[in-house]
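I opened my notebook to go through this model, starting with the ligands and moving on to the strands and the backbone. Here is what I looked up, in the order I looked.

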Amino acid sequence: MKLAFLFFCLTLSINSKPLLLASVPQEIPVQEGTRLYFLTSGPEAELKGFTVKAAKNNIDSNVFAYSVPETDGSLSPLTITVNDTLIVTRPEGSTSAVKLYQDRITQSLNVFPVFEKSSIGFKSGKNVFFAVEKPNGKILTIQNLKVDPQNNGYVRGYSGVPGDLIPQPYMFFNSDVYQSVNFYQQLDIPIDEFSMDPVFTGVSYTVSFGQVTTTLQSSGLIMTPNYPLTLDLSDITFNINRVGDESVSLHMNPFFYRDHVYTTFITVNFGFGIQQENSFPSQLDGRMNAAGTMNSVEVRSSGAYAIQYYTNSTSTNALGTTLAGQGTTPSIITTTGSSSFIHTCLSFGVVFVSLLIR
Ligand SMILES: *[C@@H]1O[C@H](CO)[C@@H](O)[C@H](O)[C@H]1NC(C)=O
Ligand SMILES: *[C@@H]1O[C@H](CO)[C@@H](O)[C@H](O)[C@H]1NC(C)=O
């Protein structure tokens, strides 16, 4: 079992998937131009005994020297200038988890380990993030994301990092989806590795550990753990903040994993037990626009989803600004339930669903 796991890691290392360094000396072939990043939160004394050698490159160092972030939170890589073999040796008795990530191709790459107390700001370039600690009950988040779609600013987020083979980095967020939204309070990212596209204009954000969203903010992202690969059933109800009896609009844009076939149900709960359920197949881009006196939204799925959303509720707009949404004209409008049900529903709220072929 252990051996199989080790073999799995070694196979992946060749494809530059982060390698979890095991307890035996490991010989890793490295090509000229490769940048190596050591990801760990282990104690200094242990990491100093964790040696890294590459004879042709005159490297005789230790992991500690390469695992301490700069003041901006990013790591300085160990750069290989001639083809070589890297020999990594773990000290006797050490138990620290150390991952090795390597990249040879990506331009302007910034690699950030995320610690429990990290608060990492945006940096120009391709930014990749690795959770190196797992604070109890917390997940990776992006907070206070500012983007200016109307001035060609954009942000795209992917599960996974460049160099992964299975699956390829898989999109979970795209600011282009909502041209009118320029601020997101929180993106939930309950995965261990993710990357953000290089952007240079009008973007800022903070990456840190945070709490899972239970009440929808004015704008944000909710996501299943292990997106996009999970096949677990999930059923989560998110509250919607409203002031008194105000009518709100809610816009949701889900991302699914297209290589798996499954269905996700999004149910909007209006007051007085009135609800409307909408189904989304994983192979189409869905979009949902709902309006009315809604209290909560329930998302049930047998697979993975990441849902980008915004609402116009006045109670959640305290931070930043969200421009008034103009909504998207649905290409297909589907309604479910009997007509009398729909009729009753209309007085409380209305839901439009569109399914678009990507
Ligand atoms: C380094 O290794 C790569 C891949 O094996 C090879 O294509 C390249 O020619 C080698 N470079 C030198 C200078 O030997
Ligand atoms: C939010 O949207 C609802 C439904 O379209 C609308 O009735 C309400 O006036 C909007 N609220 C604000 C603050 O724009």
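**Ground rules.** Before any distance, I fixed my term: a polar contact is a pair of N or O atoms within 3.5 Å; within protein, one atom must be able to donate a hydrogen and the other to accept it, and residues adjacent in sequence count only if both atoms are side-chain atoms. This is a predicted model, in which local features need pLDDT of at least 70 and side-chain atom pairs count only at pLDDT 80 or more, while totals for chains, interfaces and linings use all residues. Residues are numbered from 1 along each chain as its sequence is written, chains are lettered from A and ligands numbered from 1 in the order in which they are written, and side-chain values use heavy atoms, with hydrogens and water left out.

**Entry 1, ligand 1.** Which residues surround ligand 1? I found Gln-31, Glu-32 and Asn-83, taking a residue as near when one of its heavy atoms lies within 4 Å of the molecule. Glu-32 places a polar side-chain atom 3.1 Å from a nitrogen atom of the ligand. Asn-83 has a polar side-chain atom 2.2 Å from an oxygen atom of ligand 1. On its own, ligand 1 has 360 Å² of accessible area, and the protein covers 32% of this. I note that accessible areas come from the Shrake-Rupley method with a 1.4 Å probe, and that for residues only the protein chains shown count as cover.

**Entry 2, ligand 2.** Around ligand 2 I listed Ser-247, Val-248, Ser-249, Ala-291, Asn-312 and Thr-314. Asn-312 brings a polar side-chain atom to 2.4 Å from an oxygen atom of ligand 2. With Ser-249, it is a polar backbone atom that lies 3.5 Å from an oxygen atom of the ligand. The protein covers 46% of the 360 Å² that ligand 2 has accessible on its own.

**Entry 3, the four-stranded sheet.** Next I traced an open sheet with the order S2-S7-S4-S5 and antiparallel pairing. My strands are DSSP runs (E, at least two residues), numbered from the N terminus, and two of them pair if DSSP finds at least two bridges between them. Why does one side of S2 and of S5 lack a neighbour in the sheet? S2 (26–30) and S5 stand at the edges with a single partner strand each, so one side of each is left free of a neighbour there. Inside the sheet, S4 and S7 (residues 84–89) run antiparallel and are joined by three bridges. Lys-53 has Ile-87 as its bridge partner in S7.

**Entry 4, around S20.** S20 (residues 234–240) pairs with S18 (residues 215–216) in the parallel sense over two bridges. Here Thr-215 has Asn-239 as its bridge partner in S20. S20 also runs antiparallel to S25 (residues 294–301), with six bridges joining the two. Phe-238 has Val-297 as its partner in S25.

**Entry 5, backbone oddities.** The loop between S19 (219–223) and S20 holds Pro-228, and the peptide bond from Tyr-227 to Pro-228 is cis, with omega near 5°. Asn-226 lies in the loop between S19 and S20 too, and it has a positive phi of about 65° although it is not a glycine. Asn-58, also not a glycine, has a positive phi of about 55°. I placed Asn-58 in the loop between S4 (51–54) and S5 (59–62). Is Asn-58 buried or exposed? Asn-58 counts as exposed, at 72% relative accessibility (buried is under 20% relative accessible area, exposed over 50%, partly exposed in between, with a 1.4 Å probe and protein chains only).
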